[in-house]
Amino acid sequence: MTESGDIALRLAAWWEANARDLPWRFGRATPWGVLVSEVMSQQTQMSRVVPYWTTWMGRWPDARSLASAPKADVITAWGRLGYPRRALRLQECARVVADDYADELPHDYDALVALPGIGDYTASAVMSFAFGERIAVIDTNIRRVLSRVFLGVESRGGAASPVERALANRLLPDDGFTDMADMVVRGSGAVEDAGDAGDAKGMNNKARSGRRPRARRRERPSVVWNQSVMELGAVVCTAKSPLCEACPIADDCAFLKAGRPGLGERRTRPRQRFQGTDRQVRGMVLEALRALPANAVLARNEVAGLWKDHVQLDACIASLDDDGLVEMLPDGSLRLPR
DNA sequence: TTCCAGGCGG
DNA sequence: CCGCCCGGAA
């Protein structure tokens, strides 16, 4: 047992009772579905992702189907999730998986992190959450929680420091000998029954009609650790106003013991402004294109009416074209790419 | 305003 | 390492 053993047990119990009932959790999604959920969740709240993910997976359940979809459909289906380049990268990722890996997501960190749109976090998350492998997952939530609980300070902005990575790796629980996670048969009814764990209810799932299924995959300790620390950071140990009264490990938290020094300081990576930026203009252009009927084009004069500053507007259209998100026709009209 | 299950190009 | 990429919600 590692130094985090006692904390891990309490977090696991908290996780069982409080985990949000997201549709890609608890063995209900394929590895590809888990990857899609992670890409959609990059810099986007999970609550907003859920309806998009459900529709998306119903339409393109595997990499091969997404790979063969028209780009315009992919961009439109991405809707208002934001950062639409993620949609194109996800489709490129799907092409590689379909073509180079026979439509089966590689069970290998190095192969995953080499895929388009997949960085260290997403590759680690897929290895842990989809494949059940023991690997440290490092995202903004886990960095904040581990830094607070074990170091007593706020996590810094920017990339994860070597100290934070070492901490995450050191704390990651051992998995022991169990092979229970391999007993799951995804997509069928032949799943290991986790018994008493099956009736835990989600916190914010009032809107969801489906209950968590009784049949559950029994996760390895490292996977539960990753999931529970991340969930704690998302729901309890939040950046601005952590709910320490509701925290299952408040008694062990160095940050709380120290009087929560620097809480509310801008420790995370400073965010860009939005009003008036190219991101806003690009968003408006794409929104106008998504609203068109299929295969329709946006006439030049309608494009010009989208934004006063035509210098900025033209630059944004050019950058959207560079990104492959729009196509410019010779007459100056715009459309989504095929 | 700030934050959010980041990734990528310069 | 730094700046950019979207949009909604607290």
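**Entry 1. DNA strand C**

I began with the surface near DNA strand C, to which helix α13 (residues 278–290) contributes the largest share, five residues. I take helices as DSSP runs of H or I with at least four residues, numbered from the N terminus. The model is a predicted one, in which local features need pLDDT of at least 70 and side-chain atom pairs count only at pLDDT 80 or more, while totals for chains, interfaces and linings use all residues. Residues are numbered from 1 along each chain as its sequence is written, chains are lettered from A and ligands numbered from 1 in the order in which they are written, and side-chain values use heavy atoms, with hydrogens and water left out.

I found 17 residues around DNA strand C, with Arg80, Tyr83, Pro84, Arg279 and Arg282 coming nearest; a residue is near a strand if one of its heavy atoms lies within 4 Å of it. I sorted this surface by class and obtained four nonpolar, four polar and nine charged residues. For these classes, Ala, Val, Leu, Ile, Met, Phe, Trp, Tyr, Cys and Pro are nonpolar, Asp, Glu, Lys and Arg are charged, and the others, Gly among them, are polar.

I then looked up polar contacts with the strands (pairs of N or O atoms within 3.5 Å). Arg80 places a polar side-chain atom 2.3 Å from a phosphate oxygen of DNA strand C, and a side-chain N or O atom of Arg282 is 2.3 Å from a phosphate oxygen of this strand. Gln45 addresses a base instead: a polar atom of its side chain lies 2.4 Å from a base nitrogen of DNA strand C.

**Entry 2. Tyr83**

I located Tyr83 in the loop between α5 (71–78) and α6 (85–100). Tyr83 counts as partly exposed because its relative accessible area is 39%, where buried means under 20%, exposed over 50% and partly exposed in between (1.4 Å probe, protein chains only). Tyr83 and Gln42 are 41 residues apart in sequence, yet their C-alpha atoms are 9.1 Å apart in space.

**Entry 3. DNA strand B**

I counted 28 residues around DNA strand B, the closest being Arg25, Glu38, Tyr121, Thr122 and Arg144. Of the atoms of DNA strand B within 4 Å of the protein, sugar and phosphate make up 60%.

I noted three contacts by type of partner atom.
- The side chain of Arg25 has an N or O atom 2.8 Å from a base nitrogen of DNA strand B.
- Gln43 has a backbone N or O atom 3.3 Å from a phosphate oxygen of DNA strand B.
- Asp139 has a polar side-chain atom 3.1 Å from a sugar or linking oxygen of DNA strand B.

How values were computed: A polar contact is a pair of N or O atoms within 3.5 Å; within protein, one must be able to donate a hydrogen and the other to accept it, and residues adjacent in sequence count only if both atoms are side-chain atoms. Helices (H or I, at least four residues) and strands (E, at least two) are DSSP runs, numbered from the N terminus.
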